[in-house]
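Trainee: I should like to learn how to read the features of a structure in order. May we work through one together?

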Amino acid sequence: MVNLNAILDQFVSDCKIAPYGDGHINDTYLTSSRQFILQRINTKIFKDYEQLMNNIDGVTSFLKEKIKAAGGDPERETLTVIKTKDGKNFYKTEDGDVYRLYIYINDSVARSVVTDPVQLYHAGKAFGKFQFMLADYPAESLFEVIPDFHNTRKRFEALKEAIEKDIAGRKHLVEKEIEFALSQEHYIDTVVDGLASGEIPLRVTHNDTKINNVLFDKDTEEGICVIDLDTVMPGSLLYDFGDALRAGATTGAEDETDLSKVWFDIYAFKNFAKGFLEYTNASMTDREAELLPLSAKLLTYECGIRFLTDYLNGDTYFKIHREHHNLDRARNQFKLVEDMANKESEMMSIINQLRRK
Ligand SMILES: Nc1ncnc2c1ncn2[C@@H]1O[C@H](COP(=O)(O)OP(=O)(O)O)[C@@H](O)[C@H]1O
Ligand SMILES: [Mg+2]
């Protein structure tokens, strides 16, 4: 049995431990007598946890200065990394487990699903504010925690390789999905090439902009702060915008098999975009704004081909709970891509309207 109280004592004295939350990546604990969150970092996924913690330390320290300058509460509006008694931002046990400690954000709720579109408006504001406050952070100084995370071209090449090798012998089952995936090639380089040429600015990106990574005020429904900063990396604002809509603006679960229930929810899009642009409109370039609708489609497509690739490779990356689970997920994402393509001009007029305000 791991003695979590002994680990906690490396950071602070006179404190006790209890499990907390329903995160899927890290092990999260709430302390009792004083309010902290102790997390065991998933070092299988995040091998370079030192660099990762330096990213989080750098970004949260920077945010604190911004929040203070704006008259806000720097221990509530961003995560606070508590150092160990010997000044490190993580603690490694003798068994090689790595822990970190954050201040617990009081009177907050985390939501795993959107139950009211207004929650997306508040989530959009929270992620928009995060972007806005970090607009002048030196993004290139951040460590790339997962290299090529949103390099759609590389994801596309991985799919082509999986098709060619057909390791699991499933290619014949997915001819239609393969045909669809390959037919989308014309837009997959838009963001990667834009970043490379400088046409799209390199920014700090969160890279996991799902609603469950925002803490909401339990009374007012407003977003308090953005959490889960493991995948903070240099990237494009379009990644954060697009991925939030992929996950949040759909009428069905990510693995819903009845595709007649899966649609891109333009009202949800409008809500998220409204919140996001409240903070980012001024700092966003025209090119970024013009690509916001495409970003939703692109990030959804990218996720879809990752599921399809994994299905062809015999389900080695994503956890599955039933046979063909990854195929169900891929079909679901592709259905959304098609619907987003049909609604791209509608999305653009919403953005144009929000830009003028
Ligand atoms: N500083 C915090 N204050 C309050 N709750 C938190 C804090 N950090 C994390 N949580 C809770 O723990 C859950 C898991 O944390 P998270 O960092 O998102 O881990 P994972 O990477 O596993 O998703 C969150 O959904 C939230 O409920
Ligand atoms: Mg999380």
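Mentor: We shall take the domains, a helix, two groups of strands and a few single residues in turn. Please bear in mind that this is a predicted model.

Trainee: Into which domains is the chain divided?

Mentor: The assignment gives domain 1, residues 4-106, and domain 2, residues 117-356. Taken over C-alpha atoms, their centres are separated by 27 Å.

Trainee: How many residues of domain 1 are in contact with domain 2?

Mentor: As a general idea, the size of an interface is often given as the accessible area lost when the parts come together. Here we have counts of residues in contact: 16 in domain 1 and 14 in domain 2. On the side of domain 1 that touches domain 2, eight residues are nonpolar, four are polar and four are charged.

Trainee: Let us turn to helix 1. Which residues of helix 1 are buried, and which are exposed?

Mentor: The general idea is that an α-helix has 3.6 residues a turn, so residues three or four places apart point the same way. In this structure helix 1 covers residues 4-11, and I7, L8 and F11 are its buried positions. These three cover an arc of only 100° around the axis, which puts them on the same side of helix 1. N5 and A6, on the other side of helix 1, are exposed.

Trainee: Now the strands of domain 1. Which strands are joined to strand 6 by bridges?

Mentor: Strand 6 spans residues 98-103. Five bridges join strand 6 to strand 3 (residues 36-40), and the two run antiparallel. Strand 4 (residues 81-82) is also antiparallel to strand 6, with two bridges. Strand 5 (residues 91-92) likewise has two bridges to strand 6 and runs antiparallel to it.

Trainee: Which residues stand opposite one another in these pairings?

Mentor: F36 stands opposite I103, V81 opposite Y102, and Y91 opposite Y99. Strand 5 and strand 6 form a hairpin with five residues between them. In that turn, G96 has a positive phi of about 95°.

Trainee: Is strand 3 mostly covered or mostly uncovered?

Mentor: Strand 3 is mostly covered, with four of its five residues buried.

Trainee: Why does I103 count as partly exposed?

Mentor: A residue is buried with 20 or more C-beta neighbours within 10 Å and exposed with 12 or fewer. I103 has 16 C-beta neighbours inside 10 Å, so it counts as partly exposed. Leaving aside residues up to four places away in sequence, I103 touches Q35, F36, E75, T80 and I82. By contrast, the C-alpha atoms of I103 and H325 are 37 Å apart, with their places 222 residues apart in sequence.

Trainee: Where does K47 lie, and is K47 buried or exposed?

Mentor: K47 lies in the loop between strand 3 and helix 2 (49-69). Its count is 11 C-beta neighbours inside 10 Å, and K47 is therefore exposed. From K47 to T152, 105 residues apart along the chain, the C-alpha separation is 23 Å.

Trainee: There is a further sheet to consider. In what order do its three strands stand?

Mentor: The order in this open sheet is 7-9-10, and the pairing is antiparallel. Strand 7 (108-110) and strand 10 (223-226) stand at the edges, each with a single partner strand, so one side of each has no neighbour in the sheet. Neighbouring strands are turned by 30° against each other on average, direction ignored.

Trainee: How many bridges join strand 9 to strand 7 and to strand 10?

Mentor: Three bridges join strand 9 (residues 214-217) to strand 7, and three join strand 9 to strand 10. L215 of strand 9 is the bridge partner of A110, and L215 is also paired with C225 in strand 10. Strand 9 and strand 10 form a hairpin with five residues between them, and E221 in the turn has a positive phi of about 75°.

Trainee: Which helix lies across strand 9 and strand 10?

Mentor: Helix 3, residues 117-133, lies across both strands. Helix 3 runs at about 45° to strand 10.

Key. Residues numbered from 1 in each chain as written. Chains lettered and ligands numbered in written order. Predicted model: local features only at pLDDT ≥ 70, side-chain atom pairs only at ≥ 80, totals over all residues. Arc of directions from axis to C-beta. Pairing = 2+ DSSP bridges. Axes fitted to C-alpha atoms, helices over the stretch in contact; angles between N-to-C directions. Contact = placed C-beta atoms within 7 Å. Domains from an automatic or database assignment. Nonpolar A, V, L, I, M, F, W, Y, C, P; charged D, E, K, R; others polar.
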